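Work through the exercises below with the sequence and the coordinates side by side. Each task is followed by a solution that proceeds step by step.

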Amino acid sequence: MGLCQLPLVLLLILNIHSGQTEERPKAKVSIKPDQHVFRGETVTLRCDIDGEGVTSWKYSWYKDGSDSVFSELQEHTFSSVTESDTGKYSCYGAERGGSRTSNISDEVTMTVSDRPRPVLSVSPQKWLTEGDPVTLICEVKDSSTDWTFSWFTVSLSSENSHHYELLSDSSRGAGGNYTVSSVDQIHTGVYVCSAERGKPVYKTTYSNKQPLWVTGVSPPVSLIISPNRTQHFTLISLSLSCEDQSNSDRWTVRRYTDKWGLEDCLLSRWGSQKGSTCKIMSTDPSYTGVYWCQSESGDSYNLVNISVHIGVILESPVHPVTEGDSLTLRCLYPYASPPILRADFYKDGSLIQNQTPEMIISNVSKSNEGFYYCKHPERGESPKSWISVTEVSNESCCIFSHSESHMSVLHTLSSILAVCPYLIVTVVLIFKCCRMRVTSVEEEETVV
């Protein structure tokens, strides 16, 4: 038996009792690409010994304190690791053709996990207004070494199935961030990411789906919902219509739910679409999600967050409320007659009105924007709904005032023009009367 193949226990004893222990170099283990790797990856163990004067080492590899040597190469490569390769690895070296040996290395642990799925998150939030910045963050949890990232949008095929399109402007790099400095409505959609590393390239699965919703200031189409509220009871019919100024049929109702993902009403089993109207015959809690109008060119407009709940719901407006308008909220329960409950109303978690059938804000301001819900002591509480408030800009006020002034001037001018004929006739008559009196006086003077 060669010295490099001595049992591990004997090597440890020699390390302790040998008089040359201090002079002998110590072996060191490194693992690439990382100590935490994933099933199917190519992984390389390397043993390095910094021994002066030694031109060639013969290596011995050990796993989990076993006496058996499983490799005698400086670099041992696993072409496709599995969970069974998880363990503590150490190495040892002996001089080829000489008597020098190294100290055995410290044990280094390699952990093999199942194929990873990156986690995609959004900062600062997934609901945005045109012009806001947003960052998509892709991470491989518990492993941050040497990954490069790619981002994709999730789109629908003609069969209503998902496929992934690589973002043409996505930057691939170790940072794991994809940033849009100023979002537009075209950025509305569902996103995923993936990661890769190593040679040969090892790829992760796609990440979780992360929706991004961008609302415009003046969308060209409105999503009209009947019943006209964002929260709905189960087992009721629901109508969603995309209406524009030309009453065209070029719109499709699309939705995204946590359970069913991205779907078109036109190709679905949950609804039927005629023209630009989608009808849902019987609502279900799994239908909770975001609904919007999709154009033929693929643009998304007028997004509405709809929730379907078995118990108590909050009756709140579908679209943003304009400053100065009135806002009425009610708490509804499907099994009460009438369905309106006397309940407590909350905004952003704080009680603002208690034991009342409805809450009315007569003059809405931007400060009223927030998450609202209602709560009944016996029936329970409703889901939360975001109430958005649209500000009335000073420019709009000025334009309105200028318009009013302009209309006022026009009205005055038109009034003057309307009475002008009468004024002209009156002036002519007075002139004629004056001429007649002058002529009469002149004739009298001549006679005298």
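**Exercise 1: the strand β14 and its partners**

Task: establish which strands pair with β14 and how its residues are covered.

Solution. Begin with β16: β14 and β16 pair in the antiparallel sense over three bridges, where strands are DSSP runs of E of at least two residues, numbered from the N terminus, and two strands count as paired if DSSP finds at least two bridges between them. Within this pairing, Gly-189 of β14 has Leu-212 in β16 as its bridge partner. The model is predicted, and its local features need pLDDT of at least 70, side-chain atom pairs count only at pLDDT 80 or more, while totals for chains, interfaces and linings use all residues. Residues are numbered from 1 along each chain as its sequence is written, and side-chain values use heavy atoms, with hydrogens and water left out.

Next, turn to β11, which runs antiparallel to β14 and is joined to it by seven bridges; here Trp-151 is matched with Cys-193 in β14. A further antiparallel pairing, over two bridges, links β14 to strand β15 (residues 202-203), with Glu-196 opposite Lys-203 as bridge partners. Four residues lie between the strands of this hairpin, and Gly-198 takes a positive phi near 80 degrees.

Finally, consider the cover: nine of the nine residues of β14 are buried, that is, under 20% relative accessible area with a 1.4 Å probe and protein chains only. Gly-189, Tyr-191, Cys-193, Ala-195 and Arg-197 point one way, whereas Val-190, Val-192, Ser-194 and Glu-196 point the other way.

**Exercise 2: the nonpolar cores**

Task: state which strands supply at least two residues each to the largest nonpolar core.

Solution. A nonpolar core is a set of buried Ala, Val, Leu, Ile, Met, Phe, Trp, Tyr and Cys residues joined through side-chain atoms within 4.5 Å. The largest has 21 residues, and those with the most contacts inside it are Leu-120, Val-134, Leu-136, Trp-147, Phe-149 and Trp-151. At least two residues each come from β8 (119-123), β10 (134-139), β11 (148-156), β13 (177-180), β14 (189-197) and β16 (210-215). Apart from this core lies another, of 20 residues, including Ile-225, Cys-242, Trp-270 and Tyr-291.

**Exercise 3: a lysine in β29**

Task: is Lys-347 buried or exposed, and which polar contact does its side chain make with the side chain of Asp-348?

Solution. Lys-347 lies in strand β29 (residues 343-347), and because its relative accessibility is 19%, Lys-347 counts as buried. Its side chain makes a polar contact of 3.1 Å with the side chain of Asp-348; such a contact is a pair of N or O atoms within 3.5 Å, one able to donate a hydrogen and the other to accept it, and residues adjacent in sequence count only if both atoms are side-chain atoms. In addition, a polar atom of the Lys-347 side chain lies 3.4 Å from the backbone oxygen of Glu-369.

**Exercise 4: an open sheet**

Task: give the strand order of the open sheet that contains β28, and find its edges.

Solution. Three strands form this antiparallel open sheet in the order β26-β28-β31. The edge strands, β26 (313-315) and β31 (358-361), each pair on one side only. Strand β28 (residues 327-332) meets β31 over four antiparallel bridges, and Leu-329 has Met-359 of β31 as its bridge partner.

Terms used. Buried < 20%, exposed > 50% of the residue type's maximum accessible area, 1.4 Å probe, protein only.
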